[in-house]
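User: Please take a close look at one part of this structure. Start from a single residue and work outward, in plain terms.

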Amino acid sequence: RRVHGGGPMKAAVNENADSSDAERRTYSAPALEKGLDILEMLCRSEQPLSQKEIAQKLGRSVGEIYRMVTCLVDRDYVAQVDDNTYTVTRACPNFCVNGSDFN
C-alpha cells in the first residue's frame, strides 16, 4: 500500500497488465500524458507537424489535439509555424534535446 499526502492512494491498474507496468503506473494523469506525448512527438520531429498528423500518430482525435496544442501554444512550449503546423519552442525543457540529461 502506498501513502501520498497522508492518505492511501489506490492504484487503478488493469488486472491483465504485467507486473512491471502495474508497478510503474500506480497513478494515471491522462491529460498530462497526452500533453507530454505531443511535446515528445514534436521534439523528435525534424519538421513541423499539423494537428491532424499529431492526432493520427498518437491515435487521438483532432479535437483532443486541438485543445492540448492550444494550451501548449498559450504557455509558449509550442509555436504555430504557419496556418496549420506546429513545432516546439526554446522554452521547451531540455528533454527535447536529451531526455536523460536532467542533472
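**From a loop to its surroundings**

Analyst: Ser-61 has a relative accessible area of 36%, so this residue is partly exposed. That value lies between the limits used here, because buried means under 20% and exposed means over 50%. Keep in mind that the model is predicted. Ser-61 belongs to the loop that runs between helix 3 and helix 4. Its C-alpha atom is 9.3 Å from that of Gln-51, although the two residues are 10 apart along the chain.

Gln-51 leads into helix 3, which covers residues 51-58 and has Gln-51, Ile-54 and Ala-55 as its buried residues. Looking down the axis of helix 3, these buried residues fall within an arc of 100°, so they line one face of the helix. The other side of helix 3 carries Lys-52, Gln-56 and Lys-57, which are exposed. What do the buried residues of helix 3 pack against? Their partners are helix 2 (30-44), strand 3 (49-50), helix 4 (62-74) and strand 5 (85-88). After helix 3 comes Gly-59, and the phi angle of Gly-59 is positive, near 65°.

Of these partners, helix 4 can be taken next. The axes of helix 3 and helix 4 come within 9 Å and cross at roughly 115°, and the crossing is right-handed. On the helix 3 side, the contact is made by Gln-51, Lys-52, Ile-54, Ala-55 and Leu-58. On the helix 4 side, the residues are Val-62, Ile-65, Tyr-66 and Val-69. Sorted by class, the contact of helix 3 with helix 4 has seven nonpolar residues, one polar and one charged. Two of the buried residues of helix 3, Ile-54 and Ala-55, are thus among the residues that touch helix 4.

Further along helix 4 is Leu-72. With a relative accessible area of 9%, Leu-72 is under the 20% limit and therefore buried. Setting aside neighbours within four places in sequence, Leu-72 is in contact with Gly-35, Ile-38, Leu-39, Tyr-77 and Val-78. One of these partners, Ile-38, is 34 residues away from Leu-72 along the chain, while their C-alpha atoms are separated by 9.2 Å.

The loop between helix 4 and strand 4 holds Asp-76. Asp-76 has a phi near 65°, a positive value in a residue other than glycine. Its relative accessibility is 49%, so Asp-76 counts as partly exposed.

The strands can now be put together. Three strands form an open sheet in the order 3-5-4, with antiparallel pairing. Strand 3 and strand 4 (78-80) are the edge strands, each pairing on one side only. Helix 2 packs on this sheet and touches strand 3, strand 4 and strand 5. The direction of helix 2 makes about 90° with that of strand 5.

How many bridges link each pair of strands? Strand 4 and strand 5 pair in the antiparallel sense over three bridges, and Ala-79 stands opposite Thr-87 in strand 5. A hairpin through four residues joins strand 4 to strand 5. Strand 3 and strand 5 also pair in the antiparallel sense, over two bridges.

Ser-50 is a residue of strand 3, and it stands opposite Thr-85 in strand 5. Is Ser-50 buried or exposed? At 9% relative accessibility, Ser-50 counts as buried. Apart from neighbours within four places in sequence, Ser-50 is in contact with Asn-84 and Thr-85. Thr-85 is therefore both the residue opposite Ser-50 and one of its contacts, with heavy atoms within 4.5 Å.

Key:
Residues numbered from 1 in each chain as written. Predicted model: local features only at pLDDT ≥ 70, side-chain atom pairs only at ≥ 80, totals over all residues. Heavy atoms only, no water. Buried < 20%, exposed > 50% of the residue type's maximum accessible area, 1.4 Å probe, protein only. Arc of directions from axis to C-beta. Axes fitted to C-alpha atoms, helices over the stretch in contact; angles between N-to-C directions. Left-handed = near helix turned anticlockwise from the far one by under 90°. Nonpolar A, V, L, I, M, F, W, Y, C, P; charged D, E, K, R; others polar. Pairing = 2+ DSSP bridges.
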